[in-house]
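Grab a coffee and open the viewer. Let's walk through this protein together, piece by piece.

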Amino acid sequence: MSEKLNETSKLSEIKHVQTYFKPYFTEKLIGSIVGGQELQNEWIQYDVPENSVYYTSSTTGTLSQSFVLGNTLTGESHYVYDRNIELVHREGVWKVNQMKFAYRTIPNLGYDR
């Protein structure tokens, strides 16, 4: 699913967006994509998740992925862009229902002054 989510950054190259993403995304998410919601920048490509799905029930789960944007010139902090994915199980298949993005800063605790 991570690969398909990454592909949303190149919608202009995909014909029949609704049909293409239907096996992977819910109608709700596809509607957001078709409606113009930008899900991802082209230059940000998330790798395979390092953690597993956290199941919140038998039909829902969440998955988080992080992309390190870089660090400050002094190396004091790292900037990270997180993609939090809500999954739902419908009709025998897990699909992406919603995504939320968060930007955070991680201090470099090993930085010597």
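Here is a quick briefing, going from the overall layout down to single residues.

Keep in mind that this is a predicted model. The protein has three helices and four strands, and from the N terminus on they run α-α-α-β-β-β-β. So much for the outline; now for the details.

**The big picture**

- The protein has 113 residues, and buried ones make up 32% of them.
- Take the contacts between residues with a separation of 6 or more: 47% of these come from residues 24 or more positions apart.

**The sheet**

- The four strands build an open sheet in the order 1-2-3-4, and the pairing is antiparallel.
- Which strands sit at the edges? Strand 1 (54-55) and strand 4 do, each pairing on one side only.
- Strand 1 pairs with strand 2 (residues 60-71) over two bridges, in the antiparallel sense.
- You can find both partners of strand 1 by eye: Tyr54 stands opposite Thr62, and Tyr55 stands opposite Gly61.
- These two strands, 1 and 2, form a hairpin, with four residues between them.
- Moving along the sheet, strand 2 and strand 3 run antiparallel and are joined by 11 bridges.
- For a spot to check on that second pairing, look at Thr60, which stands opposite Val88 in strand 3.

**The nonpolar core**

- The largest nonpolar core counts 13 residues, and the members that touch the most others are Leu5, Phe21, Phe25, Ile85 and Val96.
- Helices and strands both chip in: helix 2 (17-21), helix 3 (27-34), strand 3 and strand 4 each supply at least two residues of this core.
- Which element gives the most to the core? That's helix 3, with three residues.
- Phe21 is worth a click: leaving out residues up to four places away in sequence, Phe21 touches Lys4, Glu7, Thr8, Leu11, Ile14 and Ile30.

**Salt bridges**

- Side chains of opposite charge can pair when their charged atoms come close.
- How many salt bridges does the structure hold? There are two.
- One of them joins the side chains of Glu7 and Lys4, at 3.6 Å from N to O.
- Glu7 and Lys4 are three residues apart in helix 1 (residues 2-7), so about one helical turn separates them.
- Lys4 is buried, because its relative accessible area of 15% is under the 20% cut-off.
- In the other salt bridge, the side chains of Asp82 and Arg104 meet at 2.4 Å, N to O.
- This pair links distant parts of the chain: Asp82 lies in strand 3 (residues 77-90) and Arg104 in strand 4 (residues 93-107), 22 residues apart.
- Is Asp82 buried or exposed? Asp82 is buried, with a relative accessible area of 10%.
- Arg104, on the other hand, counts as partly exposed at 34% relative accessibility.

**A buried lysine without a salt bridge**

- Lys95 lies in strand 4.
- Lys95 is buried yet has no salt bridge, and the nearest side chain of opposite charge is Glu91, 5.4 Å away.
- Why doesn't that pair count as a salt bridge? The distance to Glu91 is 5.4 Å, and a salt bridge has to be within 4 Å, so the pair misses the cut-off.
- What does lie 2.9 Å from a polar atom of the Lys95 side chain? It is the backbone oxygen of Lys22.
- Setting aside neighbours within four places in sequence, Lys95 is in contact with a whole list of residues, including Met1, Pro23, Tyr24, Phe25 and Glu86.

**Two odd backbone angles**

- His16 has a positive phi of about 55°, although His16 is not a glycine.
- Where is His16? It sits in the loop between helix 1 and helix 2.
- At 62% relative accessibility, His16 counts as exposed, because the cut-off for that is over 50%.
- Glu91 also has a positive phi of about 55° without being a glycine.
- You'll find Glu91 in the loop between strand 3 and strand 4, where Glu91 counts as exposed at 81% relative accessibility.

Definitions and conventions:
Residues numbered from 1 in each chain as written. Predicted model: local features only at pLDDT ≥ 70, side-chain atom pairs only at ≥ 80, totals over all residues. Heavy atoms only, no water. Buried < 20%, exposed > 50% of the residue type's maximum accessible area, 1.4 Å probe, protein only. Core = buried A, V, L, I, M, F, W, Y, C linked by side-chain atoms within 4.5 Å. Contact = heavy atoms within 4.5 Å. Pairing = 2+ DSSP bridges. Lys, Arg positive; Asp, Glu negative; His and termini not counted. Polar contact = N/O pair within 3.5 Å; in protein donor to acceptor, adjacent residues only side chain to side chain.
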